There are 2 protein chains.
Amino acid sequence: MPGIKDVAERAGLSIATVSRALSGKGNVSPRSRERAQAAAAELGFVLSYHASSLASGRNHNVGVVVPSVHRWFFSSVVEGVSATLLDAGYDLTLYNVSEGPDRRHSVLNDFLLRKRVDAVIAVSLELSEAEIQQLLAIHRPIVGIGGPLPGASTIRINDSGIAEAATNHLIRLGHSRIAHMTGDASYQQDFRLPGTRQGGFEKAMAAAGLQVRPEWQVTADFTIQGAYASARQLLGGSSERPTAVFAASDEMAIGTILAARDFGLRVPHDLSVIGIDGHELGEVFGLTTIDQDARGQGALAVRLLLAGLEDAADGGATDTEFPTKFVVRSSTAVPPVDGPRPADGSR
Amino acid sequence: MPGIKDVAERAGLSIATVSRALSGKGNVSPRSRERAQAAAAELGFVLSYHASSLASGRNHNVGVVVPSVHRWFFSSVVEGVSATLLDAGYDLTLYNVSEGPDRRHSVLNDFLLRKRVDAVIAVSLELSEAEIQQLLAIHRPIVGIGGPLPGASTIRINDSGIAEAATNHLIRLGHSRIAHMTGDASYQQDFRLPGTRQGGFEKAMAAAGLQVRPEWQVTADFTIQGAYASARQLLGGSSERPTAVFAASDEMAIGTILAARDFGLRVPHDLSVIGIDGHELGEVFGLTTIDQDARGQGALAVRLLLAGLEDAADGGATDTEFPTKFVVRSSTAVPPVDGPRPADGSR
DNA sequence: GTCACAATTGGAAGCGTTTTCAATTCGGCG
DNA sequence: CGCCGAATTGAAAACGCTTCCAATTGTGAC
């Protein structure tokens, strides 16, 4: 393994000059720079980041904490984060805390504090103020995506407003019997989006003078399969059926559509369904949705972070609202004139 | 920021002893160990991994290179890898190379060589021998999952055998008009699974004396939406229709099922579909599949790697076949007696 | 109560860079 | 041609640990 020393010798320069030449910092004559780079290339030399970090205090490494990379939203964000980070020459250390609260705790307390990362991106995690302060105390900027982080910068979409818009879309089409599928309790714990979206739903319903029926407020776990099961309950019950469902995520909307098909309900003829996300699968189902460009959110988070790191200006906590896009496809339409069909469709 | 020196003072021990106590290595009396740990806890001290790594040469960090965390298989593997790594106190540096060959190249040549990772896990990537040697040369063990890595350890499922088994399952049910959906050319490039699976399919067909029709060999991009489009072509054509489809992944199988439903084809009554993966969504569709436990593969990769790292025995390249599980659900059945129904079903 | 040997402990030399500070060189101007 | 400030350069001191080596302490056997 060649060291910077070898490069210096080969280039006929001092270690210090080579260091400056390779890192791009400081004043180095073009001639020296070239020599250093040539020598490094010839020796196949790459800086040891450990030594660099130790000496400079900068890591070129960002920690990303996600509830589970296996989920659509998080993996989308990670893709955006990863691409932007790699472009900037940064490494990305992934902390996937899907194992539960213990894992989350150990990551926050054992891993992140080891001075290995320059900054932290927390996706949909509700960190306590103490946890945030702990990180800020060791000069680790944090930016949160889609989670309330008191005292830290965040990027978020207007959950409440979007939910209102989605609901209003249904209302404007003429629906009044609208169900809402949201995340279940376990999700509220970590990221409280579901609640926020539910708030928007209720607000829109109230504004339109429509009744929110408790039995039409169902929950699922944000997955297609979970929503499918919930939707079967909702749509298969003998009681009255809604004419539209607003699901708090595309995956849940898709689960709902699948359940509806099982019952012979045509979407959107018998049942309108709208989601939130911009999931790739939406197209297959003609899903009307609100695209939140998760990748873009990840990319933006990195840009904010890097800007902060490089300017060394602490910047303070900023709260950025990320724009979303209403995508109307074919899963929403005017409600059936004759009211909902019986559960056992004429299939 | 407290340093190990502060801990040593507070504990009334030498720096060396504290270091040994905290790292668990070397002989330290229980009494000293306790003192050191107590002092560290009181000061909120955590080792600086940079300094540790620099001094010891060990990083406690594994690099994971994946084609795209946004895809089912890769994110599953990453979950398994992450959990096992975190348990062992290791960090996971994620290199998501979905941006294409340039990104792949820069990761392999700029990032991985910076001595930041102790080992590399490459998922479904076909590395050149040169790339592998480059890594091995700097003492970075590599283990590959689902990709041929000449000279490195690998974990793989028996792709060919599985494909044969899946095909035989259909044949045994009485099918003879069997289509196969596999990955398209762009996928062949990076990981050549599709080809291997296709080989198994052809082998089973040949063994049963069945004809492989070129027009029933379709390709897709491994996603539900991509397969859906391909399957529409396959099933909607005016030509004869197969009675069964063997898809090289569950997502493609699901896309096929969705397309079939669009045409009013009942699964499995009119069309049997089988996949490979063990995708969570399989249950919703009653998909018969071969579960390859991607998480388990990730976990195993880490265990192999860590065993190698800790024993310092280079071990040489091992090739481990990972077991799979045949899961029969309701998407496969005997073929329709009266032959396939016309494209426009009596829905 | 000794002695040999093992278990602990502390001192200090790195690990491979970055960066400060002072020294040196260079270019331009009077 | 000589002088001055700016641009370059090099020496050496960190950075915060790990670990070798030697010194010290503890243990059990005789």
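**Reasoning from values to names in a two-chain model**

Tutor: A:Pro268 sits in the loop between α12 (250-262) and β9 (272-277) of chain A. The model is predicted.

Student: What is the omega of the peptide bond from A:Val267 to A:Pro268?

Tutor: Omega is near 10°, and the bond is cis. Chain B has a cis bond between B:Val267 and B:Pro268, with omega about 10°. B:Pro268 lies in the loop between α12 (250-262) and β9 (272-277) of chain B.

Student: What makes such a bond worth a remark?

Tutor: Most peptide bonds are trans, and most residues other than glycine have a negative phi. On the second point, B:Lys115 has a positive phi of about 55° although it is not a glycine. B:Asp293, also not a glycine, has a positive phi near 45°.

Student: Where are B:Lys115 and B:Asp293?

Tutor: B:Lys115 is in the loop between α6 (101-111) and β3 (119-123) of chain B. B:Asp293 is in the loop between β10 (288-291) and α13 (294-311) of chain B.

Student: Why is B:Lys115 called buried, and how is B:Asp293 classed?

Tutor: Buried requires 20 or more other C-beta atoms within 10 Å, and exposed requires 12 or fewer. B:Lys115 has 20, so it counts as buried. B:Asp293 has 18, which falls in between, so it counts as partly exposed.

Student: How do you know whether A:Asn61 is buried or exposed?

Tutor: By the same count: A:Asn61 has 21 other C-beta atoms within 10 Å, and the cut-off is 20, so A:Asn61 is buried. A:Asn61 belongs to strand β1 (residues 61-66) of chain A.

Student: What does A:Asn61 touch beyond its neighbours within four places in sequence?

Tutor: A contact needs C-beta atoms within 7 Å. On that basis A:Asn61 is in contact with A:Tyr90, A:Asp91, A:Thr93, A:Arg116, A:Val117 and A:Asp118. A:Arg116 is 55 residues from A:Asn61 along the chain, and their C-alpha atoms are separated by 7.2 Å.

Student: Why is A:Tyr90 called buried?

Tutor: A:Tyr90 has 23 C-beta neighbours inside 10 Å, and the cut-off is 20, so A:Tyr90 is buried. A:Tyr90 is in the loop between α5 and β2 of chain A. Setting aside residues up to four places away in sequence, A:Tyr90 touches A:His60, A:Asn61, A:Val62 and A:Leu85.

Student: Why are α1(B) and α2(B) called roughly perpendicular?

Tutor: The axes of α1 (residues 4-11) and α2 (residues 15-23) of chain B come within 9 Å and cross at roughly 100°. Angles of 65 to 115 degrees count as roughly perpendicular. The crossing angle falls in that range, so the name applies. The contact is made by B:Ile4, B:Lys5, B:Val7, B:Ala8 and B:Ala11 of α1(B), with B:Ile15, B:Val18 and B:Ser19 of α2(B). By class, these residues are 6 nonpolar, 1 polar and 1 charged.

Student: What makes a group of residues a nonpolar core?

Tutor: The members are buried residues of certain nonpolar types, joined through C-beta atoms within 7 Å. The largest such core has 93 residues; B:Ile121 is one of those with the most contacts inside it. Leaving out residues up to four places away in sequence, B:Ile121 touches B:Val62, B:Val64, B:Val81, B:Val143, B:Ile145, B:Ala301 and B:Leu305. A second, separate core of 82 residues includes B:Ala220, B:Ala244, B:Phe246 and B:Ile257.

Student: How many residues does each chain bring to the contact between chains?

Tutor: Chain A brings 41 and chain B brings 41. On the side of chain A, α5(A) gives the most, with 7 residues. That side has 20 nonpolar, 12 polar and 9 charged residues.

Student: Why is the relation between the chains called that of a two-fold axis?

Tutor: Chain A can be laid on chain B by a turn of 180° and a shift of 0.1 Å along the axis, with an RMSD of 0.3 Å. That is therefore the relation of a two-fold axis. The same surface serves both copies, as 100% of the contact residues of chain A recur in chain B.

Student: Which residue of chain A comes closest to the rotation axis?

Tutor: A:Thr93 does, with its C-alpha at 2.1 Å.

Technical notes
Residues numbered from 1 in each chain as written. Chains lettered and ligands numbered in written order. Predicted model: local features only at pLDDT ≥ 70, side-chain atom pairs only at ≥ 80, totals over all residues. Helix = DSSP H or I, 4+ residues; strand = E, 2+ residues; numbered from the N terminus. Contact = placed C-beta atoms within 7 Å. Nonpolar A, V, L, I, M, F, W, Y, C, P; charged D, E, K, R; others polar. Least-squares fit on C-alpha atoms with pLDDT ≥ 70 in both. Axes fitted to C-alpha atoms, helices over the stretch in contact; angles between N-to-C directions. Parallel < 35°, antiparallel > 145°, perpendicular 65-115°, else oblique.
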